[in-house]
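Trainee: I have a protein model open and I'd like to learn how to read it. Could you walk me through some features, one at a time?

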Amino acid sequence: MAVTTTRWWTATDSTQPLGPALAGMATAVLIPVVHAGWLLPTIAGLPLLATSARRLGAFALGVWVALVLQGQAIDHRPEVSPRAVWTVTARVVSLPETGDGMQRVIVEPVAIDGWQQRLPRRIRVSHYDEQPELAAGEVWQLPLRLRRPRGFSNPTGFDYEHWLAGQRVDALGVVADGRRCQRLRAAGGLPAWRAALVARLDAMLEGAGQGGALIKGLVAGDRRDFSDRTWGVLRASGTSHLVAISGLHIGLLATLGYALGRGIAGFAPTRIDRRAAALVMAMAAAAGYAALSGFALPTQRALMMVVLAGGVALLGIRLRAASLLALVAAVVVALDPAVLLGAGFWLSFGAVVLISAAVRGYQRGVVAAIRLQWVLTLGLMPLTGVFFGHWSPAGWVVNLLVLPVFTLVLVPLILAATALLPVMPSLSTPVLQQLAGVLGAMIEGGAWLQAHGMNVLPLASPGLIGWVAAIVAILLLVAPAGTPGRGLAFALLAMLVIAQPEPPSRGALRVTWLEVGQGNAAVIETRSRVTVVDTGPAWGRGAAAADFTLVPFLESKGIERIDHLIVTHGDRDHRGGVRALQGRFDIDRVEAGDPLADLPGAQRCRAGRQWRQDGVSYRYLWPPAGFSLSGNKASCVLLVEAAGRRLLFVGDIDRTIELELLDEGIGPVDVIEAAHHGSRTSTSAAWIDALQPAHAIISAGFRNSHGMPHPAVLKRLGCENVHWHDIGRVGAVTVGVDPSGQLQLSRHRVAERRILNARPGRPRFRDNTPIPYYRGIAEISPTEAYQALCSN
């Protein structure tokens with residue numbers, strides 16, 4: 001019997017609203033919260049769906065659909081006290097991350113005792129013990145302390161909140177007592193099968209090094225064993241996408257499945273529609289590979305694209321390529337609006353758009369492949385700048401050489417050998433070992449190239465003019481031969497590389513206090529010099545906040561040398577990132593308040609030392625020479641003056657040192673750090689009254705265990721009309737002073753927070769003690785909230 005498909009519907013104008021609807025959803029997800037009120041009038045556009053202006057109506061519909069979906073996602077995030085312990089029954093759905101005496105897994109909760117809210121979709125659980133071992137596919141009863149997802153908010157660096165939203169993680173949990181953990185069901189299902197496969201590959205590829213790690217990543221999406229060196233090579237060569245099971249690999253398997261389906265249909269005893277059989281086989285192959293990766297969320301999105309495209313073709317619906325792409329994108333976003341916050345969605349769909357446009361009207365062959373690769377490399381440059389802050393110029397050549405071998409030879413061989421493991425292990429094992437050797441050699445070759453100059457270039461996130469230039473350049477790149485002005489594409493894209501943030505003018509400065517948790521880290525930029533004051537905390541097990549806050553911030557600005565590193569004193573929350581900086585940057589001069597084991601050659605800060613660079617003056621006010629101090633009392637106190645404005649860095653000094661400094665007559669200061677993260681033992685009333693600051697920066701971690709900043713300090717500041725900025729709530733704070741003495745201040749979280757990252761504003765400390773923030777949200781400095789208290 002013949003199986004045929006009938007083309008029963010042709011898309012014409014019916015699919016045209018898809019683009020505006022998708023644009024509406026993107027607007028509702030990406031608009032900062034501070035501007036979200038501008039979305040409300042779009043409700044008036046919904047009736048336009050029934051008129052000739054239906055595109056405007058579709059945009060309005062997209063906005064409101066995305067708002068509703070985001071509201072539903074936020075409803076899954078718990079409103080709980082961080083001290084409460086909940087008994088959670090959940091299934092482990094990820095491969096455990098282990099090391100340094102801890103475990104981390106993602107679980108899907110089945111029930112939570114006494115829970116009155118919507119269950120979180122997923123919880124990322126940390127267990128700071130090696131026992132009991134949590135395994136993929138098991139069902140456990142766990143005593144957890146839960147909290148809403150939250151990450152640091154800085155101009156550049158890894159955005160933990162966005163990543164968690166993209167993984168559908170609605171809560172973070174910590175095991176409160178390992179003795180109360182109870183395994184309810186043994187490992188089973190897809191997660192357990194995947195874990196068994198990874199364990200078998202581990203045993204088979206023992207000693208294969210990073211080549212073996214790459215095979216596990218390609219087969220099962222397990223990248224836990226990738227070293228920092230390997231990630232560095234992949235970034236520098238622009239080949240990170242080759243080891244992510246997403247659009248490229250799912251598309252490859254779908255293509256191979258399509259070809260296999262057509263071949264099988266040709267030998268079938270009954271006449272069947274070869275195209276239909278090929279489409280079904282393509283979707284089955286893509287689904288099988290997605291299952292190998294554990295249906296990771298990026299893989300789910302890629303699979304959805306294949307299934308939708310295949311389903312449309314099976315039903316005989318004729319859609320233009322642009323309409324099909326818009327349909328797939330709209331469905332993907334509607335199912336999970338958080339995809340718009342991550343790089344994967346934009347890079348995947350952007351690559352498809354560029355490929356579709358670039359191949360149109362061009363013959364196949366080497367020249368076409370070369371053209372396609374540079375179109376992809378250059379065309380995706382603006383997006384890599386936005387999401388990663390850098391771009392790999394070597395990616396064009398490396399991908400041109402490696403991509404065909406990787407996708408057409410290595411990946412199919414690796415998957416074929418893995419598929420034969422159960423039936424022909426004697427054949428599969430040596431093949432996989434040899435392939436691991438090949439991959440390891442490729443990493444070594446990349447490391448050699450990296451050591452000889454192959455590296456990423458820092459890219460500034462394009463502003464409005466940059467985006468216009470980038471879009472025009474991309475349109476010119478994909479334009480047919482002979483299009484006037486095509487050569488301008490390279491000049492316009494070069495602007496993104498050349499147009500780095502302008503350093504301050506002579507006599508001006510820019511200071512950025514980064515959000516690093518419970519600790520300090522600030523960067524002072526002048527015309528030609530970079531000074532770093534403190535490096536953020538270290539957390540043990542080799543982890544430091546600087547690795548994904550301070551270091552990416554400096555790298556995004558193209559900084560390779562730190563002219564002056566000042567560690568105010570030796571506490572872990574101020575010196576924790578020293579090793580991270582030493583491994584990435586040349587450091588000319590180092591000064592510290594007391595001796596540091598990591599910096600044996602550091603000079604001691606001494607009151608009276610002063611210097612001038614780029615028209616900006618620096619002077620130490622503390623500690624005094626000849627005094628033997630340590631710890632908080634040894635903190636370097638640095639006064640910086642530019643264009644008549646004065647900024648004061650104080651470390652963790654207390655009120656006794658403040659009084660000693662006042663006796664020396666500091667005079668008014670425009671911006672101060674609240675000493676010791678806003679501790680009640682510092683930032684005294686006498687200090688504030690004498691300095692008369694306009695702004696106070698408080699480097700305290702969100703909901704830190706020390707109760708900082710103390711409400712008494714906030715009251716003192718508020719009653720003196722000092723605008724205080726709690727970095728744990730408002731994100732990184734940047735203060736700029738221009739040559740005329742004009743002072744400008746911006747706060748990153750307030751400016752950049754999205755609806756999906758919204759949260760209640762009042763609870764601040766671990767015991768949920770409220771601070772009377774202005775209007776309940778720390779979006780405006782809360783001076784007015786304290787006026788009623790100032791007379792008490």
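Trainee: How are H7 and H8 oriented to each other?

Mentor: Keep in mind that we're looking at a predicted model. To judge a pair of helices, you look at the angle between their axes, and angles of 65 to 115 degrees count as roughly perpendicular, under 35 as roughly parallel, over 145 as roughly antiparallel and the rest as oblique. Here the axes of helix H7 (residues 247-266) and helix H8 (residues 274-292) cross at roughly 140° and come within 6 Å. H7 and H8 are therefore oblique to each other. As for the hand, the crossing of H7 past H8 is right-handed.

Trainee: Which residues in H7 meet residues in H8?

Mentor: On the H7 side, the residues include His 249, Ile 250, Leu 253, Tyr 258 and Ile 264. On the H8 side, you'll find Arg 274, Leu 279, Met 281 and Tyr 289 among them. Sorted by class, the contact of H7 with H8 has 16 nonpolar, four polar and three charged residues.

Trainee: Gly 263 caught my eye. Where is it found, and is it buried or exposed, or partly exposed?

Mentor: Gly 263 is found in helix H7. For exposure, you check the relative accessible area: under 20% is buried, over 50% is exposed, and in between is partly exposed. Gly 263 has 30%, so it is partly exposed. You can also compare places along the chain with places in space: Gly 263 and Arg 274 are 11 residues apart along the chain, and their C-alpha atoms are separated by 8.2 Å.

Trainee: What about Arg 572 and Thr 535: how far apart are they in sequence and in space?

Mentor: They are 37 residues apart in sequence, with 9.4 Å from C-alpha to C-alpha. Arg 572 sits in helix H19 (residues 572-575), and at 42% relative accessibility it counts as partly exposed.

Trainee: Now a single helix. What should the 17 residues of helix H11 span?

Mentor: You take 1.5 Å a residue, which gives 24 Å for H11 (residues 343-359), and its end C-alpha atoms are 24 Å apart, so the two agree. Several of its residues are buried, including Phe 345, Phe 349, Leu 354 and Ala 358.

Trainee: And how do H11 and H13 lie to each other?

Mentor: Use the angle again. The axes of H11 and helix H13 (residues 381-388) cross at roughly 175° and come within 10 Å. H11 and H13 are therefore roughly antiparallel to each other. In the contact, Ala 343, Trp 346 and Leu 347 of H11 meet Leu 383, Thr 384, Phe 387 and Phe 388 of H13. That makes six nonpolar residues, one polar and no charged.

Trainee: Let's try the backbone. Which residues does a cis peptide bond join?

Mentor: The angle to read is omega. A cis bond joins Gln 131 and Pro 132, with omega about -10°, and Pro 132 is in the loop between strand E5 (123-127) and strand E6 (139-147). The bond from Met 708 to Pro 709 is cis too, with omega near 0°. Pro 709 lies in the loop between strand E25 (695-698) and helix H23 (711-719).

Trainee: And phi? What is the value near for His 676?

Mentor: It's near 55°, a positive value in a residue other than glycine. His 676 is in the loop between strand E24 (671-673) and helix H22 (685-691), and with a relative accessible area of 19% it is buried. Asn 721 also has a positive phi, near 60°. Asn 721 lies in the loop between H23 and strand E26 (723-726), and at 49% it is partly exposed.

Key:
Residues numbered from 1 in each chain as written. Predicted model: local features only at pLDDT ≥ 70, side-chain atom pairs only at ≥ 80, totals over all residues. Heavy atoms only, no water. Helix = DSSP H or I, 4+ residues; strand = E, 2+ residues; numbered from the N terminus. Expected span 1.5 Å × (residues − 1). Buried < 20%, exposed > 50% of the residue type's maximum accessible area, 1.4 Å probe, protein only. Axes fitted to C-alpha atoms, helices over the stretch in contact; angles between N-to-C directions. Left-handed = near helix turned anticlockwise from the far one by under 90°. Contact = heavy atoms within 4.5 Å. Nonpolar A, V, L, I, M, F, W, Y, C, P; charged D, E, K, R; others polar.
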